[in-house]
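Work through the following exercises with the sequence and the model side by side. Each task is followed by a solution in steps.

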Amino acid sequence: LFILALILAGSVFVAPRPGAQAQSGDGAWSNFENASNTPTTSSWPAIAADTAGNVHLFWAEDADGKTDNPDLSYDIGIGPGIDETGRRINLLKEWGESLYYTRWDGEKWYPPVNIHVSPVLPNGVVLYPETTVDPQGMLHVIWLGAWHVTGAVFYMRAPADQALSPSAWSQAKQVAGPVAVSAGFGQDIVSDLNGGLHILYSQIGIEGDYGGAYVINSFDGGE
């Protein structure tokens with residue numbers, strides 16, 4: 001019995017096991033593709049499709065991150081750092097100060113464009129972008145502009161067919177805040193069949209205001 005137990009144990013620990021592989025079932029899924037294709041950190045993607053079949057992708061980009069040193073140093077500081085030998089250190093973060101955009105037209109991804117750069121203060125980073133396309137073909141995007149523990153919800157829009165041009169985008173404007181800065185407290189935006197826009201967000205209580213879940217609406221295309 002002891003020998004049999006050893007044999008069974010050997011079959012459990014020694015026998016090769018097939019590696020897990022992504023499978024598409026009927027082969028309908030394409031291979032993975034680098035959609036952001038940038039040298040610095042890309043995070044928090046948001047995606048939406050329009051009626052023409054275009055796919056619109058947004059994300060936060062750490063465009064100030066340095067890539068000339070392969071030794072990455074994760075830090076919450078702003079700008080390049082220097083190590084004890086005087087070499088520049090990468091400061092690639094899980095968030096970025098810029099909002100990037102690209103589009104897939106059914107065949108290819110276009111080169112990404114920077115459509116917004118947050119000022120260092122008071123809203124120095126871009127977090128949790130969300131997007132929607134309304135029935136009129138307007139592309140709407142919101143994100144959390146944040147610094148330290150509080151932030152605000154910001155909004156921009158552009159015609160979906162012109163979104164690859166940074167000049168087509170409206171000026172970023174704050175539409176809600178103060179909001180909580182946490183991975184557990186994001187926000188979302190949807191468009192209804194009549195073109196109404198609805199933003200859901202979580203607000204923290206400051207100076208006597210009550211925290212909670214809030215909804216704001218626009219029925220004039222985001223004006």
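**Exercise 1: Strands 11, 12 and 13**

Task: find the residue of strand 12 that is the bridge partner of glutamine 187.

Solution. Glutamine 187 has tyrosine 201 as its bridge partner in strand 12. The model is predicted, so local features need pLDDT of at least 70 and side-chain atom pairs count only at pLDDT 80 or more, while totals for chains, interfaces and linings use all residues. Residues are numbered from 1 along each chain as its sequence is written, and side-chain values use heavy atoms, with hydrogens and water left out.

Step 1. Strands here are DSSP runs of E with at least two residues, numbered from the N terminus. Two strands count as paired if DSSP finds at least two bridges between them.

Step 2. Strand 11 (residues 187–191) runs antiparallel to strand 12, and five bridges join them. The hairpin of these two strands has five residues between the strands, and glycine 195 takes a positive phi near 90 degrees there.

Step 3. Strand 12 also pairs with strand 13 (residues 212–218), in the antiparallel sense and over seven bridges. Leucine 200 has valine 215 as its bridge partner in strand 13.

Step 4. Buried means under 20% relative accessible area, exposed over 50%, and partly exposed in between, with a 1.4 Å probe and protein chains only. Five of the seven residues of strand 12 (residues 197–203) are buried, so strand 12 is largely enclosed by the rest of the structure.

**Exercise 2: Surroundings of glutamine 187**

Task: state whether glutamine 187 is buried or exposed, and list what it is in contact with.

Solution. Step 1. Glutamine 187 lies in strand 11 and is buried, at a relative accessible area of 7%.

Step 2. Contact means heavy atoms within 4.5 Å. Leaving aside neighbours within four places in sequence, glutamine 187 is in contact with Leu127, Tyr128, Glu130, Ile142, Trp143, Leu144, Val153, Leu200 and Tyr201.

Step 3. A polar atom of the glutamine 187 side chain lies 2.7 Å from the backbone oxygen of tyrosine 128. From C-alpha to C-alpha, glutamine 187 and proline 129 are 8.1 Å apart in space, and they are 58 residues apart in sequence.

**Exercise 3: The open sheet**

Task: give the order of the four strands in the open sheet, and say which strands stand at its edges.

Solution. Step 1. The order is 1-2-5-6, with antiparallel pairing.

Step 2. Strand 1 (42–49) and strand 6 (113–117) stand at the edges; each has a single partner strand, so one side of each is left without a neighbour in the sheet.

Step 3. Strand 5 (residues 98–104) and strand 6 are joined by four bridges, and serine 98 has valine 117 as its bridge partner in strand 6.

Step 4. Glutamate 61 is found in strand 2 and is buried, with a relative accessible area of 0%. Its side chain joins that of tryptophan 59 in a polar contact of 2.7 Å; such a contact is a pair of N or O atoms within 3.5 Å, where within protein one must be able to donate a hydrogen and the other to accept it, and residues adjacent in sequence count only if both atoms are side-chain atoms.

**Exercise 4: Nonpolar cores**

Task: which residues touch the most other members of the largest nonpolar core?

Solution. Step 1. A nonpolar core is a set of buried Ala, Val, Leu, Ile, Met, Phe, Trp, Tyr and Cys residues joined through side-chain atoms within 4.5 Å.

Step 2. The largest core has 21 residues, and Phe58, Tyr101, Leu139 and Trp169 touch the most other members. Strand 9 gives the most to this core, with four residues.

Step 3. Apart from it lies another core of 14 residues, including Ala176, Val179, Ile189 and Ile199.

**Exercise 5: Salt bridges**

Task: how many salt bridges does a search of the whole structure find, and which residues form them?

Solution. Step 1. A salt bridge is a side-chain nitrogen of Lys or Arg within 4 Å of a carboxyl oxygen of Asp or Glu. The search finds two.

Step 2. Aspartate 105 meets lysine 108 at 3.0 Å, N to O. Aspartate 105 is partly exposed at 26% relative accessible area, and lysine 108 is partly exposed at 39%.

Step 3. Glutamate 223 pairs with arginine 157, with the closest N and O atoms 2.3 Å apart. Glutamate 223 lies in the segment after strand 13 and arginine 157 in strand 9, so the pair ties together parts that are 66 residues apart in sequence. Glutamate 223 is exposed at 60%, whereas arginine 157 is buried at 17%.
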